[in-house]
Amino acid sequence: MSHPVYLVSMGPGHEDYISPCAWEAINHADLLVGARRWLQVVAHLKKPQALLGGSLDEVINLIKSERQDKKIAVLLSGDAGLYSLLPRLRDALGADALEVIPGISSVQLAFARLKLNWERACVLSLHGRSFDGLAQEMAGAAVTALLSDAQHPPACVAEYLRKMELIPQAIYVCQHLSYADERIVKTDLEGLAQVEAGDNFLLILEF
């Protein structure tokens with residue numbers, strides 16, 4: 001009988017935000033699958049690892065074959081239910097094959113840092129996507145949380161917002177959330193255009 005595959009939410013970055021339930025699943029796993037940074041976090045456990053990168057089809061085939069006699073934990077950034085591989089793995093393996101362990105996303109942490117509630121926020125991501133349709137998704141939202149990356153630097157986001165005549169009253173640029181060099185800056189469209197490009201960052205847009 002095949003073992004369930006655990007989708008383990010690893011939080012926004014720092015190990016302090018990995019839940020006890022997540023650690024329990026990791027400790028009981030025979031094989032850990034994840035991005036390089038998460039595999040480094042759990043390297044001290046000396047468990048077999050598989051890098052989540054490159055061909056996702058190859059990783060899915062590996063999981064399908066190894067779960068016959070191994071407990072597998074797939075380590076996912078933030079919360080597994082928010083812009084993660086959950087839909088793809090559910091389609092490939094079936095919902096009954098999965099156990100999902102929730103966690104804290106960078107979105108939750110950003111709103112906590114800003115002391116704002118977020119039950120009505122529109123949460124969107126540009127990871128692996130284009131700007132097409134973004135304005136329509138944001139329409140009517142008083143607050144939008146926008147996950148972005150090096151392919152969509154702040155200057156490009158600012159240019160897009162101007163083009164679509166979406167002018168936020170306030171913009172919060174959040175980078176390296178939960179880490180020692182965490183940085184949150186309040187700005188406007190003009191200031192957003194001047195923010196240096198970098199790795200993943202999160203924008204909170206108030207309209």
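Is H152 buried or exposed? In this predicted model, H152 has a relative accessibility of 9% and therefore counts as buried, the limit for that class being 20%. The residue is placed in the loop between β7 (143-148) and α7. Leaving aside residues up to four places away in sequence, H152 touches L126, R129, S130, F131, V157 and F201.

One of these contacts, F131, leads to the aromatic pairs, of which the structure holds 2. A pair of aromatic rings is described by the distance of the centres and the angle of the planes. In the pair formed by F111 and W118, the centres are 6.0 Å apart and the planes meet at 15 degrees, an arrangement classed as stacked. The burial of the two partners may be stated separately: F111 is buried, at 0% relative accessibility, whereas W118 is partly exposed, with a relative accessible area of 34%. The rings of F131 and Y160 are also stacked, because their planes stand at 15 degrees, under the limit of 30 degrees, with 4.7 Å between the centres. F131 belongs to the loop between β6 (122-125) and α6 (134-138), and Y160 belongs to helix α7 (residues 154-163), so this pair ties together parts that lie 29 residues apart in sequence. Both rings belong to buried residues: F131 has a relative accessibility of 19%, and Y160 has a relative accessible area of 11%.

The strand β6, which precedes the loop of F131, is covered on both faces. C122 and L124 are buried on one side, and V123 and S125 are buried on the other. β6 runs parallel to β7, and 4 bridges join the two strands. Within this pairing, V123 has A145 of β7 as its bridge partner.

The account now turns to the largest pocket. Its volume is about 1000 Å³, and 34 residues line it. R37, S77, G78, H127 and N200 are the lining residues that lie nearest the centre of the pocket. Two or more residues of the lining come from each of α2 (36-41), β4 (72-76), α5 (106-114), β8 (170-175) and β10 (201-206). By residue class, the lining of the largest pocket comprises 17 nonpolar, 13 polar and 4 charged residues.

Notes: Residues numbered from 1 in each chain as written. Predicted model: local features only at pLDDT ≥ 70, side-chain atom pairs only at ≥ 80, totals over all residues. Heavy atoms only, no water. Phe/Tyr/Trp six-rings, centres within 6.5 Å; stacked < 30°, edge-to-face > 60°. Buried < 20%, exposed > 50% of the residue type's maximum accessible area, 1.4 Å probe, protein only. Contact = heavy atoms within 4.5 Å. 1 Å grid on protein atoms, 1.4 Å probe; cavity = no way out; pocket = protein on both sides within 12 Å on 5 of 7 lines; lining within 4 Å. Points joined across faces, edges and corners; volume = space filled by probe spheres on them. Nonpolar A, V, L, I, M, F, W, Y, C, P; charged D, E, K, R; others polar. Pairing = 2+ DSSP bridges.
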